[in-house]
Amino acid sequence: MYLDHFDPPAASPLGRLTLTADASGITRVDFSRGLARALANTPRSHVLLERCKQQLAEYFAGTRREFDLPLAAEGTAFQQAVWRQLQAIPYGETRTYGEIAAALGKPTAARAVGMANGKNPLAIIVPCHRVVGAGGRLTGYSGGLARKQWLLAHEAGQGEADRLFGR
């Protein structure tokens with residue numbers, strides 16, 4: 001296991017991200033500071049973490065819309081299926097929990113999709129921020145609703161994200 005941090009550009013309200021990887025791929029992109037403390041003695045600086053930081057910087061700069069990284073998040077078969085559906089949501093678009101459930105062939109599983117979405121360990125990379133409630137309602141995000149709102153506005157156009165946060 002390898003650990004590093006990514007500090008988004010100063011104009012971003014997102015704060016520090018904790019990144020972890022193993023030999024097979026990126027395992028976590030997390031807003032949690034507690035995770036960083038728990039892994040304090042973990043080796044840093046791995047080629048996958050450097051690629052991840054570079055791609056996150058490009059995303060925040062508005063020059064990257066898709067991530068090209070090997071991913072190695074652990075989860076149940078259902079969680080993995082939900083996370084694949086999240087990756088299929090185009091940049092700048094949203095889907096509801098119900099739409100994700102229907103795409104999985106489980107139209108009554110919106111609540112289970114929400115639970116799997118909430119356990120996504122790869123914030124931003126696997127775009128769980130693109131999932132909204134019925135009627136487009138902005139609902140839960142493990143990084144906080146302000147971050148979710150910023151990410152959605154960023155993908156709608158950087159000027160919109162800046163406007164929302166008074167920049």
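Good morning. I begin with a definition: the expected span of a helix is 1.5 Å times one less than its number of residues. Helix α6, residues 145-156, is a suitable case for applying it. This helix has 12 residues, and the distance from its first C-alpha to its last is 16 Å, close to the 16 Å expected at 1.5 Å a residue. Please keep in mind throughout that we are looking at a predicted model.

Let me now place this helix in the whole protein. The secondary structure comes to seven helices and five strands. Read from the N terminus on, the elements run β-β-β-α-α-α-β-α-α-β-α-α. The protein has 167 residues, and 45% of them count as buried. Its accessible surface comes to about 8300 Å², with 50% of that belonging to carbon and sulfur atoms. As for contacts between residues at least 6 apart in sequence, 57% join residues at least 24 apart.

I return to helix α6. Which of its residues are buried? They are Lys-148, Trp-150, Leu-151, Leu-152, Ala-153, His-154 and Glu-155. After the helix comes Gly-157, whose phi is positive, near 145°.

Leu-151, within α6, deserves a closer look. Its relative accessible area is 0%, and the residue is therefore buried, since the cut-off is under 20%. Leaving aside residues up to four places away in sequence, Leu-151 touches Leu-14, Tyr-59, Phe-60, Ile-124, His-129 and Tyr-141. Consider one of these partners, Leu-14. Leu-151 and Leu-14 are 137 residues apart in sequence, yet their C-alpha atoms are 8.9 Å apart in space.

Next, the nonpolar interior. The largest nonpolar core has 38 residues, and those that touch the most other members are Leu-17, Ile-26, Leu-56, Phe-60, Leu-86 and Ile-124. Two or more residues each are given to this core by β2 (17-22), β3 (25-30), α2, α3, α4 (97-103), α5 and α6. Which element supplies the largest share? That element is α2, with six residues.

Two members of the core may serve as examples. Leu-17 touches Asp-4, His-5, Phe-6, Val-29, Asp-30, Phe-31, Leu-56, Phe-60 and Ile-124, again not counting residues up to four places away in sequence. Ile-124 is placed in the loop between α5 and β5. At 1% relative accessibility, Ile-124 counts as buried. A general remark helps with its backbone: most residues other than glycine have a negative phi. Ile-124 has a phi near 70°, a positive value in a residue other than glycine.

I turn to the aromatic residues. A pair of aromatic rings is described by the distance of the centres and the angle of the planes. In this model the count comes to six aromatic pairs. In one of them, Tyr-59 and Phe-67 are tilted, at 5.6 Å centre to centre and 35° between the planes. Tyr-59 also pairs with Tyr-91: the ring centres are 6.3 Å apart and the planes are at 80°, so this pair is edge-to-face. The pair links distant parts of the chain, for Tyr-59 belongs to helix α2 (residues 47-61) and Tyr-91 to the loop between α3 (77-87) and β4, 32 residues apart. Both Tyr-59 and Tyr-91 are buried, and the relative accessibility of Tyr-59 is 1%. One aromatic cluster is formed by Phe-6, Tyr-59, Phe-60, Phe-67, Tyr-91 and Trp-150.

Now to an annotated position. Which residue does the UniProt annotation "active site" cover? According to that unreviewed entry, the residue is Cys-128. Cys-128 lies in the loop between α5 (110-118) and β5 (131-132). Is Cys-128 buried or exposed? At 4% relative accessibility, Cys-128 counts as buried. Beyond residues up to four places away in sequence, Cys-128 touches Leu-86, Asn-117, Asn-120, Tyr-141 and Lys-148.

My last residue is Thr-96, in strand β4, residues 95-96. Its relative accessible area is 17%, and Thr-96 is buried because the cut-off is under 20%. Thr-96 touches Val-131, Val-132, Gly-133 and Ala-134, with residues up to four places away in sequence not counted.

To close, I recall two points. Helix α6 spans 16 Å, close to the expected value, and α2 gives six residues to the largest nonpolar core. Thank you for your attention.

Methods
Residues are numbered from 1 along each chain as its sequence is written. This is a predicted model: local features need pLDDT of at least 70, side-chain atom pairs count only at pLDDT 80 or more; totals for chains, interfaces and linings use all residues. Side-chain values use heavy atoms; hydrogens and water are left out. Helices (H or I, at least four residues) and strands (E, at least two) are DSSP runs, numbered from the N terminus. Buried means under 20% relative accessible area, exposed over 50%, partly exposed in between (1.4 Å probe, protein chains only). Contact means heavy atoms within 4.5 Å. Rings of Phe, Tyr and Trp (its six-membered ring) pair if their centres lie within 6.5 Å; planes under 30 degrees apart count as stacked, over 60 as edge-to-face and the rest as tilted. Accessible areas come from the Shrake-Rupley method with a 1.4 Å probe; for residues, only the protein chains shown count as cover. UniProt positions are given in the numbering used here, feature names are shortened, and annotations may be inferred rather than shown by experiment. A nonpolar core is a set of buried Ala, Val, Leu, Ile, Met, Phe, Trp, Tyr and Cys residues joined through side-chain atoms within 4.5 Å.
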